[in-house]
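User: Hi! I would like a close look at one part of this protein, with the surroundings filled in afterwards. Here is the model I have open.

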Amino acid sequence: MNEQRKLQRIRAGYLPGLNDDEVQWQTLDFKSRNGQVLEVCVPVLTAPQMQALACRVRTAAAIHLRPMPVAEIIDAVDRAMARLLDRNDIYRQQAEAWLPVVSGYDADMVRLGLTGFFKTFRAAQLKRFVAEDFANPAVLDGFQPAAKGGAVRAFGPDLLVHSWAGNVPALSLWSLVCGLLVKAPAIGKLASAEPLFAGWFARLLAEVHPPLADCLAVVWWRGAGGEEADALYAQADTVLAYGGNQTLDALRRRLPVTTRFLPHGHKLGFGLIGAQALDTLKAPAMARQAAWDVMRYDQQGCYSPHVFYVQRGAPVSPRAFADYLAAELANLQRRFARRELDLEEGAALARWQQNMEWGGEAHQLLGPVDAPWSVAYSESLQPLAPTALYRTIAVVAVDRLDAVLPVVAAQRDYLQTAGIAAGPEELYRLAGLLGAAGVTRISAIGSMSMPEAGWHHDGRFNLLDLVRMTEIEQSAELAAQPLASYAD
């Protein structure tokens, strides 16, 4: 009886127009550290079903989504977010109950992470989001005058396909909202590691604004998929994908050459901490902020830090800062326990620790080897390289922060987020140098793993990259004037 109570089953995905008994279902098993067992049933569609689903969402979007003013779309998403922020709402309760089980992350970490994440999708933030990419957001609703003459309008994809990663809970919300704001009918492919949130959001959106019920679908297939995946990709004119670089490369080669492909792959984050932030009052607080960036979702985000480069010459030395950081990670472990690692993850972590221990004078591993966090300290400049994740971080002492530029520039293809703790003039000077080296996002230490609404993911435009612009040239306007009924 006890086992029976602990077993729960949820059907994932969102399939407008298809009944559950028309679809085959695959069960994905998850188990929490307290013994809670969850079976997530994900839909397995045939190629003809996938083609019919694509046709259905395109047709529904043409009737309901494309004619909607962007302001109404923002209002609908805002109402959905208000419910997700309400801890008495059934969707929020489901998210708090089951996302920790499927992800393995600490329940309080997930709860706080969801609240911070959902707040970035309220109406005010979404309006800024749209304004960030469009000087005149009305181009999403109709033709607007162009500065050079004539008029211009933005059109979203005919069918947008999302392929999501499951490393961070609710990650699918970013691309789903982007697709809605450009009025694109969309079908998303669930990640096996996090197969729940996207379907919940699609259902919630259908509740708060029923005309949108058939404009989205959420599906699943194992691995790269087969005929069903090919059937969907053949229908899409835009594919937005998250995942490992090898997976993304394989997907790129699978798509027709005319399909727009927007990949988001592996990235390396790092921090620069200047002497100005390392007096006896500021340094402990800075270490606390840095520890939060390391702790959030166990460094699984593309924006998470792997190395902190810390300047010498301050009242608090880089080594002392590393000790502060280790103490803060130990404190956070007591509040937000690291998720349990599987054998492969544990082996990778052990190899990283071993490399740090055997690095001679180059590295020093701080704290107990069996602790669920690791800080490696180095007195000499080290390359920017990935750690083992799961709260493993390197602290490197440098005389000048400028010395870091060559080593980070060597990883140009993988750069994204840099956290900086420095005065205003130094911030802008370093930002210019880092931007030239390939960094696309600069944040405060403590905010590295919490991007702002509308950030330019990987230095690209979230919405502009999804649309095509249609222009009415001034010549067409002028030629139309003599043909007007009032011209006689």
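Is Pro 406 buried or exposed, and what is its relative accessible area?

Analyst: Happy to help. Please keep in mind that this is a predicted model. Pro 406 is exposed, because its relative accessible area is 57%, and the cut-off for that label is over 50%. Pro 406 belongs to helix α14, which covers residues 405-409. Its C-alpha lies 8.3 Å from the C-alpha of Ala 437, and 31 residues separate the two in sequence.

Now for the wider setting. The protein chain contains 16 helices and 18 strands, and 54% of its 488 residues are buried. A compact globule with 488 residues would have a radius of gyration near 23 Å, and the protein chain, at 25 Å, agrees with that. Along its principal axes, the C-alpha trace spans about 85 × 65 × 45 Å. Among contacts with a separation of 6 or more, 75% are between residues 24 or more positions apart. The protein chain exposes about 21400 Å², with carbon and sulfur atoms supplying 52% of that area.

In contrast to exposed Pro 406, some aromatic residues are buried, and they are worth a visit. The model has 13 aromatic pairs. One of them joins Phe 121 and Trp 174: the ring centres are 5.1 Å apart and the planes stand at 70 degrees, so this pair is edge-to-face. Phe 121 sits in the loop between α5 (107-119) and α6 (123-133), while Trp 174 is in helix α7 (residues 172-181), so the pair ties together parts 53 residues apart in sequence. Phe 121 counts as buried because its relative accessibility is 0%. Trp 174 is buried too, with a relative accessible area of 9%.

Trp 174 also pairs with Trp 455. Here the ring centres are 6.3 Å apart and the planes meet at 65 degrees, so this pair is edge-to-face as well. Trp 455 lies in the loop between β17 (441-443) and β18 (468-472), so its pairing with Trp 174 in helix α7 ties together parts that are 281 residues apart in sequence. Trp 455 counts as buried, at 8% relative accessibility.

These three residues are part of a cluster linked by ring pairs, which includes Phe 117, Phe 118, Phe 129, Phe 197, Phe 201 and Tyr 303 along with Phe 121, Trp 174 and Trp 455. Trp 455 has a charged companion too: Arg 441 lies over the face of its ring, 5.5 Å from the ring centre. Elsewhere, Arg 11 lies over the face of Trp 25, at 4.5 Å from the ring centre.

The loop that holds Trp 455 lies between β17 and β18, and β18 is a good place to carry on. Strands β4, β5 and β18, in the order β4-β5-β18, form an open sheet with antiparallel pairing. β4 (144-145) and β18 are at the edges and have a single partner strand each, so one side of each is left without a neighbour in the sheet. Strand β5 (residues 151-155) and β18 run antiparallel and are joined by five bridges. In one of these bridges, Val 152 has Glu 471 of β18 as its partner. As background, strands of a sheet pair through backbone hydrogen bonds, either parallel or antiparallel.

To come back to your starting point, Pro 406 is exposed and sits in helix α14, whereas Phe 121, Trp 174 and Trp 455 are buried.

Terms used
Residues numbered from 1 in each chain as written. Predicted model: local features only at pLDDT ≥ 70, side-chain atom pairs only at ≥ 80, totals over all residues. Heavy atoms only, no water. Phe/Tyr/Trp six-rings, centres within 6.5 Å; stacked < 30°, edge-to-face > 60°. Helix = DSSP H or I, 4+ residues; strand = E, 2+ residues; numbered from the N terminus. Buried < 20%, exposed > 50% of the residue type's maximum accessible area, 1.4 Å probe, protein only. Lys NZ or Arg CZ within 6 Å of the ring centre and 35° of its normal. Rg over C-alpha atoms; globule rule 2.2 N^0.38 Å. Contact = heavy atoms within 4.5 Å. Areas by Shrake-Rupley, 256 points an atom, 1.4 Å probe, with all protein chains shown as cover. Pairing = 2+ DSSP bridges.
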